[in-house]
Amino acid sequence: PFMIGATVAVLLALYAPITQAGWNPARDFGPRLVAYAAGWGEVAIPGPKNGFWIYIVGPFLGAPAGAAFAEFLLWKRFPKKAA
């Protein structure tokens with residue numbers, strides 16, 4: 001547990017200035033909306049280097065890709081049990 005916490009802390013310290021520490025879309029989207037409503041405009045949405053869309057689109061593309069990988073490559077190794 002300590003090493004996991006230390007890894008997360010170091011990664012946040014390194015990448016927070018670049019990504020606004022928004023690895024979780026729920027944590028990233030709310031502050032961006034508030035900043036946009038406060039008048040920050042394009043600095044908030046789409047953000048620096050247009051990186052906002054990765055946090056919204058990434059889970060929609062990654063979840064089906066991961067499920068397909070698991071279904072067609074990983075779970076085919078195990079025979080199905082008879083019901």
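Let us start at one residue, Y36, which sits in helix α2. Is Y36 buried, partly exposed or exposed? Its relative accessibility is 47%, so Y36 counts as partly exposed, because the exposed class begins only over 50%. Now look from Y36 towards G47: the two residues are 11 residues apart along the chain, and their C-alpha atoms are separated by 9.8 Å.

Before going further, keep in mind that this is a predicted model. How confident is the prediction? The chain has a mean pLDDT of 80, and 87% of its residues reach 70 or more. Within the chain, confidence is lowest in helix α2 (residues 25-40), with a mean of 82, and highest in helix α3 (residues 52-74), with 86.

Now step back and take in the whole chain. It holds 3 helices and 0 strands, and reading along the sequence gives the pattern α-α-α. Of its 83 residues, 13% count as buried.

Let us walk through the helices in order, beginning with α1, which covers residues 2-19. Which residues make up the nonpolar surface patch? They are V10, L11, L14, Y15 and I18, and together they form a patch of about 450 Å². Two of these residues deserve a closer look. L14 is found in α1, and with a relative accessibility of 54% it counts as exposed. I18 also lies in helix α1, and its relative accessibility of 51% puts I18 among the exposed residues too, because exposed means over 50%. I18 has a partner worth finding on the screen: P48 is 30 residues away in sequence, while the C-alpha atoms of the two are 7.9 Å apart in space.

Next comes α2, the helix that holds Y36. How far would a straight helix of 16 residues reach? At 1.5 Å a residue it would span 22 Å, but α2 spans only 19 Å between its end C-alpha atoms. Just past this helix you will meet G41, which follows α2 and has a positive phi, near 60°.

The last stop is α3. Its 23 residues should span 33 Å at 1.5 Å a residue, and its end C-alpha atoms are 32 Å apart, so the two values agree. Where in α3 is the kink? Look at G58, where a kink of about 40° lies shortly before the proline P59. Helix α3 also has buried residues, namely F52, Y55 and A70. Compare them with L14 back in α1: L14 counts as exposed at 54% relative accessibility, whereas F52, Y55 and A70 are buried.

Note on methods. Residues numbered from 1 in each chain as written. Predicted model: local features only at pLDDT ≥ 70, side-chain atom pairs only at ≥ 80, totals over all residues. Heavy atoms only, no water. Patch = residues over 30% accessible without salt bridge, like charges linked within 9 Å, V, L, I, M, F, W, Y side chains within 5 Å. Areas by Shrake-Rupley, 256 points an atom, 1.4 Å probe, with all protein chains shown as cover. Salt bridge = Lys/Arg side-chain N within 4 Å of Asp/Glu carboxyl O. Helix = DSSP H or I, 4+ residues; strand = E, 2+ residues; numbered from the N terminus. Buried < 20%, exposed > 50% of the residue type's maximum accessible area, 1.4 Å probe, protein only. pLDDT = per-residue confidence, 0-100. Expected span 1.5 Å × (residues − 1). Bend = angle between axes of the 7 residues up to and from the residue.
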